[in-house]
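Trainee: I have a structure open and would like to practise reading it with you. Could we go through it one question at a time?

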Amino acid sequence: MSARWFARRCLFIGYTLLVVSLLVFAITQALPADAAVTLLGENATPAALAALRLKLGLNDPVWLQYWHWLSALLRGDFGISMRTGQPVGPMMFSALARSLLVAGLALALMLAVAVPLGLVAALRRGGPLDLAAGLISYLGVSLPEFVTGTVLLLLLADHLHWLPATGYVPLLRNPLDSLRHLVLPVLTVSLVMVAHVSRMVRSEMIDVLHSDYVRAARLKGLPARTVLFRHALRNALLPVITVVALDVGYLLGGIIVVEEIFAIPGIGRELIVAIEMRDLPAIQAGALIMAGTYAVANFLADIAYALLDRRIRYD
Amino acid sequence: MIELLRQLARTPQGAAGLLILLLLAAACAFGPAIAPYGPEHIDFLGRFHPPGARHWFGADQLGRDVLSRLLTGARSTVPTALAATLAGTLLGAVIGTASAYLGGRWDEIIMRTIDAVMAIPGLLLALLVVNTLGKGEMNAAIAIAAAFAPGMARITRSVALVARRQDYVGAAIARGERGTWIVFREMLPNVVAPIVVETTIRVAFAVMLFATLSFLGLGAQPPASDWGLMVADARPFLHQAPWMIVAPGAAIALTAIGFNLLGDGLRDVLNPRDER
Amino acid sequence: MSALLDIAGYSLDYRTRAGTLRVLDAVNLRIARGEVLGLVGESGSGKSSLAWAIMRHLPGNAHEAGGAILLDGADLLRMRPREVAALRGRRIGMVFQDPSTALNPTLTLGRQISETLAHHRGMTRAQAWQASLEALRHVELRDPEALMRRYPHEVSGGEKQRVVIATAFAARPELIIFDEPTTALDVITGARILALFQRLRAETGVGGLYISHDLALVSQVADRIAVIRRGQIVEQAAARSLFVSPGAEYTKALIEAVPRPERRLVADLPGTQVLVSVEEIGVTYGRRQWFGRRQVAGNRGISLSVHAGEILGVVGESGSGKSTLARALTGLTPFEGTIVQGGRRITAPAQMDRAYRSQVQIVFQHPDSSLNPRQRIGEILARPLRLFGGSPAEVPRLLEQVRLPASYATRFPHELSGGEKQRVAIARASAARPALIICDEITAALDVSVQRAVVDLLLALRREHGTAYLFITHDLNLVRQVAHRLAVMHRGALVDLLAVDAVGGAQAHPYTRALLGATPAPFA
């Protein structure tokens, strides 16, 4: 991994954020709502509206508005929420922290389940366990989060009363209760990814088990366990890193739904609220922060891959 | 085409997928005709009627028959998802092919931009688009198409680049074929198969995404009986009438499973040499 | 003397959807201690299946139909998995065809050799590391300390194969199976690996089963040779006597098909008229990037000309730029310099018009990718006819010309064998009766007997139409049979251009002589 490669990746993150900011700005600018009307209400006097438009720079040409917004962004200023009157930056980042807790737990749970599942399915290819895993993963990728979430809620919280239905408790205030509240949302978002990633691990593992070097390792007389874990699993998991990173995009989408269902004040819920309220700065900040999270996750995955697989030549 | 269907019916996934999709097609075509009740037929005395002989899948908070609403809703859910996927595929295919064809610096710029756009989660992009265009079925479809286009562009490009490298394309260039012949006669037939497979599987995603948008209140609007909307409507009554959620949820899952199975079946049939 | 390995009446079936397929049929083979037995056969003959059977590494659908494989009197077929595991690597070693896939890409070379030693010789990690250093030094690798810390992709193919060989020998096995150990390597590297094998064999007295498709090569390394065809041992004899007086018809045909440079297949001389000449051709492969571009030279300043009816052989190792030259000549890659044809000077692919295309055609190496899988053979052949002013009605004639039945016109490429596909590719290239056909390694993917038939076909076409060939190959023996002149390429440059009988002469370039020296010559 050369400095040049690193510089390229950083440049790419910058480019990604630039494109995302342009896109988000373009989409939100096309919003039919007049920000001034949203702020002051339908009954505001034309004079007051005009004054506010001037103050917000709404009369400037679009590119100038973009430039003002972007340069403020670069200074870390995401704008003021039209809904709460508070700066959106801190609001969105603290929401992001809550979302990342859900996402992190979901990723961990997913890996803990998907990797062994895919491994066993590959080793017992065509066996009953493989078929069962296959069926489950079909179901997993075919159920949208709002269905699984609601059904889980119905079953585990409403029917069996094992878990609290909705709500969020900060981790530091009461760790146990906090985690109890997180079980359902985490379970919901990880299900789709378990289905996807376990299939991926399975097919990669099957490929690797058929590779020449695994055969060579076997025929060198190495113990089966060494062949499996040192030679096969490691190489089968490498491409999975990339897939998991790409799945982060899916995860972030899933989190929007899950936060809505389970009433978690994360970034997804903030976004939905902002969209409903047409709170422009909040929408822009939320979308940008989500995309940034995704880009950073992929950047980290690239670094992990590079460290684990020296074959990649970074030029 | 007939031959393809016959081969498809021979693979287990293909046969199961075809069966499910035939049922769905029947629901879309004849749904309102075979539904036992009108979808908006309100019966206050039969509110929250549990599943049984009178209402196979139960009745909702207004006493409307869930099965009838499902059958009617198929018409709004499935074709919309299908159309959105096709539009997204087409847009993506054009961008991907152009990028592969232009090559060099343009290819890199287009692909980097596509990567950047893909940093916005699909659902979020769809939310933003739908919010701008306004709520509604049509706009949700446009949003889904927009969310799918970048991914399809990536796939089309990589498939096209593989086709471009084949020696038979080299042979065509060496005998002086025109660009259009090479693209349409030599490359395209070999590019279509993997894209068809990918598109089929994406319809499953589109069904789910469309339902999700409706669920979040941004897709189809009440009193439509779109499946996602039915789930959203049912949430306050989770406790009293779980069937109101289970039935549309199962319908969505079944549709998605059907398209996923069909996609896997197509993959097997279209690549006969891949033994795995 | 008791045999080290005794294969007695061994039969093996594969159960497929189409039915049971017999891959090995009552095979009898014996390898004495310290003896090397060569096993020669074409693809699909079952030679690799035999290796997997000995290593007890058969696919799930394999069914052993009878017989025994005895190692030092003990039947491998009756061994439990635990006993088999104790045998692999320790008593029977294996050297694989392609060292770049036989080594784990994400582990250092040192780790891969020392883990084997640690396991088989019961050493600690540190001891195994030291022993590995010693083993690598023994296979003439320079600077083993540094090498041990490298990953497979960081070293050359020859070095990788030396590591594989060192690993196989380090556990001091009694028998080593060599599965085409030089096929994936360049000629010169392969020759050095072969020399290494001879030395190690003499030092250790190990027994060997040397599997190859290349009779000429096996005749150099094996004491005895067994010829296998469709799962049956056709003949086995001492290496020399097999070559001098083959018994079986198949062996005779196989030996006949082995290219021998002294047996010329072309007697006439080429014309004097220059068909195509290239002047100072250069090709750079570069990937444009956001920061500048990296450039790799594919060809540098190449000048040569092809005369009417001439067969100009182009030889060189992989990466020497042979194929790049072919791609430049057919406009598949941008180039610098000039191509002169029919009095016209062409400096860019865009200037290659129909007249040029109809005169210069190409046949590619891989039969699988050179025919569009979604077009019927008839469509594939009709296209150049239509393009260059012929009629699709001539398709049967084209097929007949390449010795294929006219009924093949309705078939799809995947219904044809590799050799048949290559014939179709030749028919397509010759449809417009071009003056020059560029043959880019067209026999490399084919078995020797098929290879010979394809070469015969090319020569017949030449007799009929006077076609000239630019015959690109890595097989020096083959090209010396047919070419009038040889162009020798090395690292993108043309190092030698000489008449074919001057190859061994004093005026030949040192690289040409090195290439010649490394090419295995069959027994005369």
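Trainee: Which residue with a positive phi follows α9(A)?

Mentor: Good place to begin, and keep in mind that this is a predicted model. Helix α9 of chain A covers residues 212-219, so look just past that stretch, where phi turns positive, near 90°. The residue there is G221(A).

Trainee: Which residues of that helix are buried?

Mentor: Buried here means under 20% relative accessible area. The buried residues pack against two helices of chain A, α8 (175-209) and α10 (224-262), and also against α1 (47-54), β6 (92-95) and α3 (99-102) of chain C. In α9 of chain A, the buried residues are Y213(A), V214(A), A216(A), A217(A) and L219(A).

Trainee: How much area do chain A and chain B bury between them?

Mentor: The size of an interface is often given as the accessible area lost when the parts come together. The contact involves 46 residues of chain A and 42 residues of chain B. Carbon and sulfur atoms hold 74% of the buried area, and the total is about 3900 Å².

Trainee: Which three residues supply more than any other three of the area that chain A buries against chain B?

Mentor: The contact takes 46 residues from chain A. Three of them together supply 16% of the area that chain A buries against chain B. They are Y138(A), F146(A) and I275(A).

Trainee: How many helices and strands does chain B have?

Mentor: Read the elements from the N terminus on, and each one is an α element. That leaves no place for a β element in the list. The count for chain B is 10 helices and 0 strands.

Trainee: What share of the residues of chain B is buried?

Mentor: The C-alpha trace of chain B spans about 80 × 45 × 30 Å along its principal axes. Its accessible surface comes to about 11600 Å², with 68% belonging to carbon and sulfur atoms. Of the 276 residues in chain B, the buried share is 57%.

Trainee: What is the radius of gyration of chain C, and why does it agree with a compact globule?

Mentor: Chain C has 524 residues, and a compact globule with that many would have a radius of gyration near 24 Å. The C-alpha atoms fill a box of roughly 75 × 55 × 50 Å. The value for chain C agrees with the globule because it is 25 Å.

Trainee: How far apart are the centres of the positive and negative side chains in chain C?

Mentor: Chain C carries 63 positive and 49 negative side chains. Take the centre of each set, and the separation is 4 Å.

Trainee: Is H484(C) buried or exposed?

Mentor: H484(C) sits in a loop, between α19 (476-482) and β19 (485-490) of chain C. Beyond its neighbours within four places in sequence, H484(C) is in contact with several residues, including R264(C), D268(C), E310(C) and R462(C). Its relative accessible area is 10%, and the cut-off is under 20%, so H484(C) is buried.

Trainee: And Y10(C): what separates its C-alpha atom from that of N28(C)?

Mentor: Y10(C) belongs to strand β1 (residues 3-16) of chain C. Y10(C) is buried, with a relative accessible area of 0%. N28(C) is 18 residues away along the chain, and the two C-alpha atoms are separated by 6.8 Å.

Key:
Residues are numbered from 1 along each chain as its sequence is written. Chains are lettered from A and ligands numbered from 1 in the order in which they are written. This is a predicted model: local features need pLDDT of at least 70, side-chain atom pairs count only at pLDDT 80 or more; totals for chains, interfaces and linings use all residues. Side-chain values use heavy atoms; hydrogens and water are left out. The radius of gyration is taken over C-alpha atoms; the globule rule is 2.2 Å times the number of residues to the power 0.38. Lys and Arg count as positive and Asp and Glu as negative; His and the chain ends are not counted. The place of a charge is taken as NZ of Lys, CZ of Arg, CG of Asp or CD of Glu. Contact means heavy atoms within 4.5 Å. Buried area is the accessible area (1.4 Å probe) that two parts lose on being put together, summed over both. Helices (H or I, at least four residues) and strands (E, at least two) are DSSP runs, numbered from the N terminus. Buried means under 20% relative accessible area, exposed over 50%, partly exposed in between (1.4 Å probe, protein chains only). Accessible areas come from the Shrake-Rupley method with a 1.4 Å probe; for residues, only the protein chains shown count as cover.
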